[in-house]
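Good morning, and thank you for making time for this short presentation. I should like to take you through one chain, beginning with its overall layout and ending with individual residues.

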Amino acid sequence: MSIEVGAKLSGKVSGITDFGAFVDLGDKKTGLVHISEVSNTFVKDIHEVLSVGDEVTVKVLSISDDGKIGLSIKKAVDKPQKQNNQRRNNNHEQHNNRDKVKKNHNTSFKPKHEEKKKDFDSLLAGFLKESEDRLTSLKRNTEGKRGGRGGRRS
């Protein structure tokens with residue numbers, strides 16, 4: 001049996017490390033499933049997901065020149081196409097609904113120029129006051145800290 005990139009094979013977990021699991025593919029061939037390729041969810045401890053002797057279905061991701069075989073368990077599982085299309089359609093509908101709400105919001109409320117300017121002026125005044133308060137507070141806290149040892153000088 002020849003192993004090719006993209007092929008789905010069944011194997012047995014022969015060893016587990018912190019970074020992944022070694023899978024015996026038979027015919028004296030062993031491949032590595034990296035911890036990021038074990039599950040679609042985050043895996044902190046691979047021992048919680050796999051154990052030695054587990055039968056797994058893997059997909060061959062790569063075969064290096066020196067014979068190392070890269071495997072994936074999460075890519076070996078076929079995702080139903082129907083769910084992906086349905087999810088994509090739901091996202092599209094939500095996006096369209098957001099655009100409609102934005103259009104309706106923009107056309108239904110148009111502030112007058114004076115209200116807008118008054119609002120901007122009050123925002124600017126508030127910002128300037130807050131900025132001035134922060135600066136005075138900062139100056140008050142740093143004044144006594146100048147000059148090294150001995151504290152304030154008279």
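What follows is a description of the strands, the core and a few selected residues.

Please keep in mind throughout that this is a predicted model.

Let me begin with the chain as a whole. Its secondary structure consists of 5 strands and 2 helices. Read from the N terminus, the order is β-β-β-β-β-α-α. The chain has 154 residues, of which 18% are buried. Its exposed area is about 12900 Å², and 51% of that is contributed by carbon and sulfur atoms. As for contacts with a separation of 6 or more, 52% of them link residues 24 or more positions apart.

I turn now to the strands. How are they arranged in the barrel? The 5 strands make a closed barrel in the order E1-E2-E3-E5-E4, and the pairing is mixed. From one strand to the next, the twist averages 50°.

Consider E1 and E2 in that barrel. Strand E1 covers residues 8-17 and strand E2 covers residues 20-26; the two run antiparallel and are joined by 5 bridges. They form a hairpin, with 2 residues between them. Two pairs of residues help to locate the register on the display. Lysine 12 has aspartate 24 in E2 as its bridge partner, and threonine 17 is placed opposite glycine 20 in E2.

The next pairing is that of E2 with strand E3, residues 29-34. These strands are also antiparallel, and 6 bridges join them. Here alanine 21 has valine 33 in E3 as its bridge partner. As a general reminder, side chains in a regular strand alternate between the two faces of the sheet.

The connection between E2 and E3 deserves a closer look. This hairpin has 2 residues between its strands. Aspartate 27 lies in this loop, and lysine 28 is found there as well. What is the sign of phi at aspartate 27? Phi is positive, at about 55°, although aspartate 27 is not a glycine. Lysine 28 likewise has a positive phi, near 60°. For context, most residues other than glycine have a negative phi. Are these two loop residues buried or exposed? Aspartate 27 has a relative accessible area of 59%, which is over 50%, so it counts as exposed. Lysine 28, with a relative accessible area of 86%, is exposed too.

From the loop, let us move to the interior. The largest nonpolar core contains 19 residues, and those touching the most other members are Leu25, Leu50, Val58 and Leu71. Which strands supply at least two residues each to this core? They are E1, E2, strand E4 (55-63) and strand E5 (69-72).

Valine 58 illustrates how such a residue is surrounded. Setting aside neighbours within four places in sequence, the contacts of valine 58 include Leu9, Val23, Leu25, Val33 and Leu71. Lysine 8, serine 72 and alanine 76 are also among the contacts of valine 58.

Next, glycine 20, which has its place in strand E2. Its relative accessible area is 0%, so glycine 20 is buried. What does glycine 20 touch, beyond residues up to four places away in sequence? The residues in question are Leu32, Val33, His34, Ile35 and Ile46. With isoleucine 46, the C-alpha to C-alpha distance is 6.9 Å, while 26 residues separate the two in sequence.

Finally, a word on aromatic residues. The structure holds 1 aromatic pair. It is formed by phenylalanine 19 and phenylalanine 22, whose ring centres are 6.5 Å apart and whose planes lie at 85° to each other. Why is this arrangement called edge-to-face? The angle between the planes is 85°, and angles over 60 degrees count as edge-to-face, so the pair falls in that class. Both rings belong to partly exposed residues: the relative accessible area is 42% for phenylalanine 19 and 30% for phenylalanine 22.

To close, I would return to two points on the display. One is the closed barrel, E1-E2-E3-E5-E4. The other is the loop between E2 and E3, where aspartate 27 and lysine 28 each show a positive phi. Thank you for your attention.

Conventions: Residues numbered from 1 in each chain as written. Predicted model: local features only at pLDDT ≥ 70, side-chain atom pairs only at ≥ 80, totals over all residues. Heavy atoms only, no water. Helix = DSSP H or I, 4+ residues; strand = E, 2+ residues; numbered from the N terminus. Buried < 20%, exposed > 50% of the residue type's maximum accessible area, 1.4 Å probe, protein only. Contact = heavy atoms within 4.5 Å. Areas by Shrake-Rupley, 256 points an atom, 1.4 Å probe, with all protein chains shown as cover. Pairing = 2+ DSSP bridges. Axes fitted to C-alpha atoms, helices over the stretch in contact; angles between N-to-C directions. Phe/Tyr/Trp six-rings, centres within 6.5 Å; stacked < 30°, edge-to-face > 60°. Core = buried A, V, L, I, M, F, W, Y, C linked by side-chain atoms within 4.5 Å.
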